[in-house]
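User: I would like a close look at one part of this protein chain, with the packing set out residue by residue. Please take a single helix and its surroundings and work outwards from there.

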Amino acid sequence: MTIPSQTASPEQTSLAAAAILEECRLIASMSEEPGRITRRFLTPPVSQVYARLRSQMLEVGMTVSVDSAGNLRGLWQPKGAGPRRMVLGSHIDTVPDAGAYDGVLGVVMAIELARQAVANSLPLAIEIIAFSEEEGVRFGVPFLGSRAVAGRFDPALLALRDAEGVSLNQAILDFGLDPGGLPQAQIGEDTIGFLEIHIEQGPVLEAENLSLGVVTGIVGQTRCELQFLGHANHAGTTPMTLRHDALAAAAEWICAVEEIARRPVLNPPLLGDHAEAALVATVGKVATHPNAANVIPGAVHVSLDVRAAHDAVREEAVAELLEKASSIAMRRGIECESKRLMDQPAVPMDEQLTAVLAECVEAAGLPVRRMPSGAGHDAMVLGTRLPAAMLFLQSPGGVSHHPNESVRPHDIDTALTVGSLFLRRLALKIV
Ligand code: GLV
Ligand code: MN
Ligand code: MN
């Protein structure tokens, strides 16, 4: 990709945005499924994406490597500048049938910002990380890439298995990497902080006719896996009163999840008084066994995703939802087992780094709209280890995790302006 320089000329800046959009669309074609964007952790299209991003990082003059968690990393160390580096990036994995911009936009924009920094001889070391896994689709547990970079990768995770029975350990080996090197993926002490540029994935900026948002913090999330275990039996011969239908139990519970999450949240959200920071709960995945029209479902596996700005609100909701699953199962004479896959508390963004970002938004002539993020991001894991900040771009229609996801070229231009001001300010601060 050759992205033209961003200068004061509106013509040239829109060329830069067009090139970024085109690059995101090209990366979208590197998918596990023809006609749909699906790119799970360490699947073959990830190698295609890395070949492309690697050559762009090399063009910028970066030293490029892939760590043992499969993160693609490019480092620019200017002569004469100290080793303290600013990290930019986001993730390149996607949900099934995804849009083209969630995660990828932040990586492609990071490369353009580094390219501008090098062209302008900015005395600041920059590392770009294209995180290998943020969505949790393949192994059910998200943030595998950023956990390793933050030094929070629990080796017990290597035993996780995907839907085909491949262990996480094996997936890393199959990608040509060594799981034994995971501790070395951890970022060094010589890091200034992390900036993630990302689409908002919600409707707020569009509703307020704004281009950009400055993230105050990221809501906490819990992910669980539940199994309702009844008895499979003949659909024609088993009377309705003698059934132990696992799917009917799961369905009753799924409706209860929606009802409980819709109740008004009594504790005020911590990350801002916005509706998007309230309690949300989702059952997004259901697998029924044996999944045949003429067999009463004997077992159902479901996912549960619960998020809230206030950790106590989330924890109480999870306890109530799991208790509800047990009581529904007991009343129906079946069993229910649950496993927690992840508990991630809400993470505030770093105040100082965020203040610098907000100053840059202001310097670019834009209003500073502070907002919490209801979506999870790599910044929430890195933010437990380093100062982290996030810049949101408007999501037209508030659409994300959907093929209709989009981003406006003008917002890319303004975000590039803010990102480059931000890097310049950091360079001045550390000289
Ligand atoms: C990632 O996009 C998430 O919020 O689950
Ligand atoms: Mn996502
Ligand atoms: Mn994302």
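Analyst: What follows is an account of helix α3, its two helix partners and the loop after it, with some related sites elsewhere in the chain.

The model is a predicted one. The protein chain contains 11 helices and 16 strands. Its C-alpha trace spans about 80 × 45 × 40 Å along the principal axes. For 431 residues a compact globule would have a radius of gyration near 22 Å, and the 23 Å of the protein chain agrees with that. Of the 431 residues, 55% are buried. Among contacts with a separation of 6 or more, 77% join residues 24 or more positions apart.

Helix α3 covers residues 104-119, and it packs against helix α2, residues 44-60, at an angle of about 15 degrees, with the two axes 9 Å apart. An angle under 35 degrees counts as roughly parallel, and α2 and α3 are therefore roughly parallel to each other. On the α2 side, the contact is made by Leu 53, Gln 56, Met 57 and Val 60, and on the α3 side by Val 107, Ile 111, Ala 114, Arg 115 and Val 118. By class, these residues divide into seven nonpolar, one polar and one charged. The crossing of α2 past α3 is left-handed.

Helix α3 also packs against helix α11, residues 409-430, at an angle of about 50 degrees and with the axes 10 Å apart. That angle makes α3 oblique to α11. Helix α3 contributes Leu 105, Met 109, Glu 112, Leu 113 and Gln 116 to this contact, while α11 contributes Ile 412, Ala 415, Leu 416, Gly 419, Ser 420 and Leu 423. The residues of this contact comprise seven nonpolar, three polar and one charged. In this pair, α3 passes α11 in a right-handed crossing.

The loop between α3 and β4 comes next, and Ser 121 is found there. Ser 121 is not a glycine, yet its phi is positive, about 50 degrees. Most residues other than glycine have a negative phi. With a relative accessible area of 61%, Ser 121 is exposed.

Leu 124 lies in the loop between α3 and β4 too, but its relative accessibility is 0%, so Leu 124 counts as buried. Leaving out residues up to four places away in sequence, Leu 124 touches Trp 76, Pro 78, Ala 81, Arg 84, Met 86, Ile 192, Leu 423, Leu 426, Ala 427 and Ile 430. One of these, Leu 423, is also among the α11 residues that contact α3. Between Leu 124 and Arg 385, which are 261 residues apart in sequence, the C-alpha to C-alpha distance is 21 Å.

Helix α11 also holds Asp 411. Asp 411 has a relative accessible area of 0% and is therefore buried. Apart from neighbours within four places in sequence, Asp 411 is in contact with Ser 211, Leu 212, Leu 393 and Gln 394.

One of those partners, Leu 212, leads to strand β6, which runs over residues 212-218 and includes Gly 213. Gly 213 counts as buried because its relative accessibility is 0%. Beyond residues up to four places away in sequence, Gly 213 touches Leu 205, Arg 369, Met 371, Met 390, Leu 391 and Phe 392. The C-alpha atoms of Gly 213 and Glu 200 are separated by 7.8 Å, with their positions 13 residues apart along the chain.

Gln 201 sits in the loop between β5 (191-199) and α6 (204-207). Gln 201 has a positive phi, near 70 degrees, in a residue other than glycine. Its relative accessibility is 17%, so Gln 201 counts as buried, whereas Ser 121, with its own positive phi, is exposed.

A backbone feature of another kind occurs at the peptide bond from His 289 to Pro 290, which is cis with omega near 5 degrees. Most peptide bonds are trans. Pro 290 lies in the loop between β10 (286-289) and β11 (295-296).

To return to the starting point, α3 lies roughly parallel to α2 and oblique to α11.

How values were computed: Residues are numbered from 1 along each chain as its sequence is written. Chains are lettered from A and ligands numbered from 1 in the order in which they are written. This is a predicted model: local features need pLDDT of at least 70, side-chain atom pairs count only at pLDDT 80 or more; totals for chains, interfaces and linings use all residues. Side-chain values use heavy atoms; hydrogens and water are left out. Axes are lines fitted to C-alpha atoms, for helices over the stretch in contact, and angles run from 0 to 180 degrees between N-to-C directions. Helices (H or I, at least four residues) and strands (E, at least two) are DSSP runs, numbered from the N terminus. Angles under 35 degrees count as roughly parallel, over 145 as roughly antiparallel, 65 to 115 as roughly perpendicular and the rest as oblique. A crossing is left-handed if the near helix is turned anticlockwise from the far one by less than a right angle, and right-handed if clockwise. Contact means heavy atoms within 4.5 Å. Ala, Val, Leu, Ile, Met, Phe, Trp, Tyr, Cys and Pro count as nonpolar, Asp, Glu, Lys and Arg as charged, and the others, Gly among them, as polar. The radius of gyration is taken over C-alpha atoms; the globule rule is 2.2 Å times the number of residues to the power 0.38. Buried means under 20% relative accessible area, exposed over 50%, partly exposed in between (1.4 Å probe, protein chains only).
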